Amino acid sequence: MTQKQRRGSRAVQAREAAREKAARFVKQEEERLRIAGEAILLQEEIDDFDEETERRVAKLREERNGQLVEKRERFDALVVEMLDTEIPAQQVAERLGISVGQVRTAKRNFDQAVAAVAEQGADESAGAEQAEAPAESDRAAASTPDAAAASQSAAAAYNFPPPGGPVTLPAQDGSPENVEGATLPPGAAG
């Protein structure tokens, strides 16, 4: 009978060990489920955050591109304005700290913008002549898109001389307009 008790106690101990292992397994499985749930939620948050960030970046890029176009147009107008002072492209490049190729590109871009403005002005004037009533031409002028106004900003900022009128150049050091106030360097005969 003692042997039956031993076998019984061993069976009880074995069942108890099996229950402990099963409880440990259940606890580990619950922990794994909790971790997996948190990971899935965090992955969804990451995806949402990524989409929102990409949307913001796209909006910022649009704003940047718009501002860059506007600033480049103003820069091109200034380069052309300096070229209109009758100095060579090499000197303009040196004074502005850019290459001669960039000076030529700025002039070409400015000329294209001026041509586009002139072409658009010609199109608008032709449309106004074809209109039957002045009210219709007013409506056509009011419907001009903002994009066209932005492309005209560089050309509008440049002060063109009137056709056939005198061209006024700014006075520079050593020019005849400034001879009275000029001082000669030491050793120069005057």
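This passage describes the nonpolar core, the salt bridges, a charged surface patch and one backbone angle of a predicted model.

It is convenient to begin on the inside. The largest nonpolar core is built from nine residues, namely Val79, Leu83, Ile87, Val92, Ala93, Ile98, Val100, Val103 and Ala106. Helices H1, H2 (89-96) and H3 (100-130) each contribute at least two residues to this core, and H3 provides the largest share, with three. A grouping of this kind fits a familiar pattern, in that nonpolar side chains of soluble globular proteins tend to be buried together.

The loop between H1 and H2 holds a backbone feature that may catch the eye, at glutamate 86. Its phi is near 65°, a positive value in a residue that is not glycine. For context, most residues other than glycine have a negative phi. Glutamate 86 counts as exposed, because its relative accessibility is 64%.

Turning to charged pairs, a search of the whole structure returns seven salt bridges. Several of these can be followed along helix H1. Glutamate 29 pairs with arginine 32, with 3.5 Å between the closest N and O atoms. Both residues belong to helix H1 and sit three residues apart, about one turn of the helix. Glutamate 29 is partly exposed, at 32% relative accessible area, and arginine 32 is also partly exposed, at 45%.

A further salt bridge joins the side chains of arginine 34 and glutamate 38, at 2.5 Å from N to O. These two residues are four apart in helix H1, so about one helical turn separates them. Arginine 34 has a relative accessibility of 39% and is therefore partly exposed; glutamate 38, with 47%, is partly exposed as well. The pair does not stand alone: Glu31, Arg34 and Glu38 are linked in a network of salt bridges.

Glutamate 52 and arginine 56 form another salt bridge, their closest N and O atoms being 3.2 Å apart. Here too the spacing is four residues in helix H1, so the partners are about one helical turn apart. Glutamate 52 is partly exposed at 29% relative accessibility, whereas arginine 56, at 51%, counts as exposed.

Finally, the surface carries a negative patch made up of Glu44, Glu45, Asp47, Asp48, Asp50, Glu51 and Glu54. One of its members, aspartate 48, lies in helix H1 (residues 2-83). Patch residues must have over 30% relative accessible area, and aspartate 48 meets this requirement because its value is 49%, which makes it partly exposed.

Methods. Residues are numbered from 1 along each chain as its sequence is written. This is a predicted model: local features need pLDDT of at least 70, side-chain atom pairs count only at pLDDT 80 or more; totals for chains, interfaces and linings use all residues. Side-chain values use heavy atoms; hydrogens and water are left out. Patches are made of residues with over 30% relative accessible area and no salt bridge: like charges are joined within 9 Å, nonpolar side chains (Val, Leu, Ile, Met, Phe, Trp, Tyr) within 5 Å. Accessible areas come from the Shrake-Rupley method with a 1.4 Å probe; for residues, only the protein chains shown count as cover. A salt bridge is a side-chain nitrogen of Lys or Arg within 4 Å of a carboxyl oxygen of Asp or Glu. Lys and Arg count as positive and Asp and Glu as negative; His and the chain ends are not counted. The place of a charge is taken as NZ of Lys, CZ of Arg, CG of Asp or CD of Glu. Buried means under 20% relative accessible area, exposed over 50%, partly exposed in between (1.4 Å probe, protein chains only). A nonpolar core is a set of buried Ala, Val, Leu, Ile, Met, Phe, Trp, Tyr and Cys residues joined through side-chain atoms within 4.5 Å.
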